[in-house]
Amino acid sequence: MNSQEPEKIAVIGSGTMGAGIAQVCLLAGYRVTLQDLKDELVQNAASQIAHFLRRMAEKGQLSSPTAETAISRLSVTTDLAEAAQEAGWVIEAVFENMEVKRDLFQRLNKFCPPETNFASNTSGLSISEIGAAGGRPRQTVGLHFFNPVPLMKLVEVVRGSDTAPEVEQAAIALGQKLGKTVVVCGDSPNFIVNRINRPVNLEAQQLLQDGLSSLTIDRALVQGAGFKMGPLMTSDLSGVHIGLTVTENIFKETGDPRFRPVPLVRKLVRAGHLGKKAGKGYYLYPPGAENPVPRQPEIVLPLAETPAKIAIVGENPATEKLKAQLTGGGLPIEEDLNEAGLVLLAPGLDYREFFKHHPAAPGTVYALLDALASVTEAGFVSGQPQNVIGLQNPLPSINDKFYEINLGLETSLETAAKVAALLKRMGCSYAVMPETPAGIVLRVICAMINEAAFALQENLASVSDIDTAMRLGMNYGQGPFQYADQLGLDRVLATLDYLHAETGDPRYRAAVILRQMVRAGKLGQVSGRGFYSYQVS
Ligand SMILES: NC(=O)c1ccc[n+]([C@@H]2O[C@H](COP(=O)([O-])OP(=O)(O)OC[C@H]3O[C@@H](n4cnc5c(N)ncnc54)[C@H](O)[C@@H]3O)[C@@H](O)[C@H]2O)c1
């Protein structure tokens, strides 16, 4: 290689990812040869890259000469040997198929100079297997970019069983030179983001199968957990079948019930309900409709008046906050339970004892603030099941003005409407659902935290790399360990144990590390120590 020339990178596969990877390599100053099976494919990719770079120049994001220099450094070919020549790195982005990747790396091993490092952009296949197949296990890493590559800030560097430390370091340096935030992880199915996000999708799918509206599920996660978009709508954009393939891959690899696919999703895929492009998926997209239509309509409440007098039973930080919100909304707290039209029962309060001593009045609404309590059972013991309801603010640190309204088996819509009227008066938003153990937000977030905890105890990656990966790879407001520390690890564990007991489903088995941390008093922000350390005031 002429020492004056910039280093060359061979990008193999010129589809969605290959073209994006080539573009960021060109912008970082590398020479790039882009290879694919057909001339027409590489020519199209080259025109698309040139178009994007010139458009960036038009928008003032880079100078015109910079764009033209970058474009001049791109060459395309269908000849693998030509692509391999002089390459410092090969980055592979061909089909997600182990046989195709094995065969490709075996041929590359023959064509590339001995010093060439191999990187695969696989979404979840084993880097160790690719390294062994290609004959350069020490020089092979995963370099997992996210779509669209030029916009997504994250890259996961995946260390195979035999990857040499200097090659891992070189991959980190390459990712950084390409302008990305690099996280490092071990070689485990689906790496960090696609693994830790699995329970988010699986819980949302399970809730849909349980009869909730896709819109209610997505809205709760956007408003209550700070997600940019709900997981079901996101899956409709990427393809319901793509998500199912990822789940099936990780379930096949691990056999763990945490990754068991949801039968409804298989049914949708078999029926061709593949997402937005197909016109139907988790939502329906009728021609001309402005917004996607949820498969199952949301629960519609009748109009109702806010109960005039509200009482709170039990003391707890959640009730303190509610008191402040109520008085802020001009609603004084009623001390006499017999006078109240709505009685709020604090988390942890024993509702059996309560109703034993305070028989439910027929005209009064009783709202359970505890997400880990059965509204239906409380309704039954009260003798007035139509008047008993669940009302929870799942993640106060993210949004203390979002509530989930849980309807027990016999709760009336009039009862729900009275609670909804109160929330509106307090300036709060809400989602209404049939009784769902732990609600939507807490259930989804705790399942994600549990998966992150399993990944941590397996040494997949560090706490901060896992949080960074989830924030940047999924655009979540926070990483799973940040959510955990805010919620309190004891609450996370209690939620998982409650879900396990209520459903009998082994996918809620809590990671041992969570139980150990709780036993060691590492509860998160409240105790000053959790996954991170805090100053306790
Ligand atoms: N699309 C995504 O969101 C995404 C995100 C991260 C990682 N990935 C991974 O990136 C890889 C590529 O995905 P994509 O979405 O760009 O796919 P794609 O179908 O858009 O492109 C794949 C390209 O590889 C070419 N190809 C196939 N076999 C080849 C071979 N033997 N030699 C040379 N070229 C060959 C195809 O002709 C095609 O142009 C996959 O491993 C995928 O799992 C995809």
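**Exercise 1. The largest cavity**

Task: List the residues that line the largest cavity, then sort the lining by element and by class.

Solution. Start with the lining itself: Pro199, Leu202, Glu203, Arg258, Ala447, Asn450, Glu451, Leu496, Arg507 and Tyr508 surround the largest cavity. Keep in mind as you work that this is a predicted model.

Next, look for the elements behind these residues. Helix 9 (198–209) and helix 18 are the elements that give two or more residues to the lining.

Then sort by class: five residues of this lining are nonpolar, one is polar and four are charged.

Finally, add the volume, which is about 90 Å³ for the largest cavity. The search of the whole structure finds five cavities of 30 Å³ or more.

**Exercise 2. The second largest cavity**

Task: Find the volume of the second largest cavity and describe the residues that line this cavity.

Solution. The volume comes to about 50 Å³. Walking around the wall, you meet Asp370, Ala371, Ala373, Val375, Gln392, Asn406, Glu435, Thr436, Pro437, Ala438 and Tyr498. By class, this lining divides into six nonpolar, three polar and two charged residues.

**Exercise 3. Two nonpolar cores**

Task: Identify the residues that touch the most other members of the largest nonpolar core, and say which helix gives the largest share of this core.

Solution. Of the 91 residues in the largest nonpolar core, the ones that touch the most other members are Leu108, Ile192, Ile217, Ile440, Ile445 and Phe531. Helix 18 (residues 441–457) supplies the largest share of this core, with twelve residues. Apart from this core lies another, of 42 residues, with Val155, Val157, Leu174 and Leu178 among them. As background, nonpolar side chains in soluble globular proteins tend to be buried together.

Now zoom in on Ile192. Leaving out residues up to four places away in sequence, Ile192 touches Glu156, Val183, Val184, Cys185, Leu460, Ala461, Asp465, Ile466, Ala469 and Met470.

**Exercise 4. A strand and its partner**

Task: Work out which way the side chains of strand 11 point and how strand 11 pairs with strand 12.

Solution. Take strand 11 (residues 310–313) and split its residues by direction: Ile310 and Ile312 point one way, while Ala311 and Val313 point the other way. All of them are buried. The pairing with strand 12 (residues 342–345) is parallel and runs over four bridges. To anchor the register, use Ile310, which stands opposite Leu342 in strand 12.

**Exercise 5. His144 and an unusual peptide bond**

Task: Decide whether His144 is buried or exposed, then locate the cis peptide bond that joins Asn147 and Pro148.

Solution. His144 sits in strand 6 (residues 140–145). Its relative accessible area is 4%, so His144 is buried, as the cut-off is under 20%. Beyond residues up to four places away in sequence, its contacts include Ser120, Asn121, Leu154, Glu156, Phe191 and Asn194.

For the cis bond between Asn147 and Pro148, omega is about -5°. Pro148 belongs to the loop between strand 6 and strand 7 (154–159).

**Exercise 6. Positive phi outside glycine**

Task: Place Phe191 and Asn475 in the fold and contrast their burial.

Solution. Begin with the backbone: Phe191 is not a glycine, yet its phi is positive, about 60°. Asn475, also not a glycine, has a positive phi of about 60°.

Next come the locations. Phe191 is in the loop between strand 8 (181–186) and helix 8 (193–196), and Asn475 is in the loop between helix 19 (463–474) and helix 20 (480–487).

Last, check accessibility. Phe191 is buried at 1% relative accessibility, whereas Asn475 is partly exposed at 38%.

Notes. Residues numbered from 1 in each chain as written. Predicted model: local features only at pLDDT ≥ 70, side-chain atom pairs only at ≥ 80, totals over all residues. Heavy atoms only, no water. Core = buried A, V, L, I, M, F, W, Y, C linked by side-chain atoms within 4.5 Å. Buried < 20%, exposed > 50% of the residue type's maximum accessible area, 1.4 Å probe, protein only. Contact = heavy atoms within 4.5 Å. 1 Å grid on protein atoms, 1.4 Å probe; cavity = no way out; pocket = protein on both sides within 12 Å on 5 of 7 lines; lining within 4 Å. Points joined across faces, edges and corners; volume = space filled by probe spheres on them. Nonpolar A, V, L, I, M, F, W, Y, C, P; charged D, E, K, R; others polar. Pairing = 2+ DSSP bridges.
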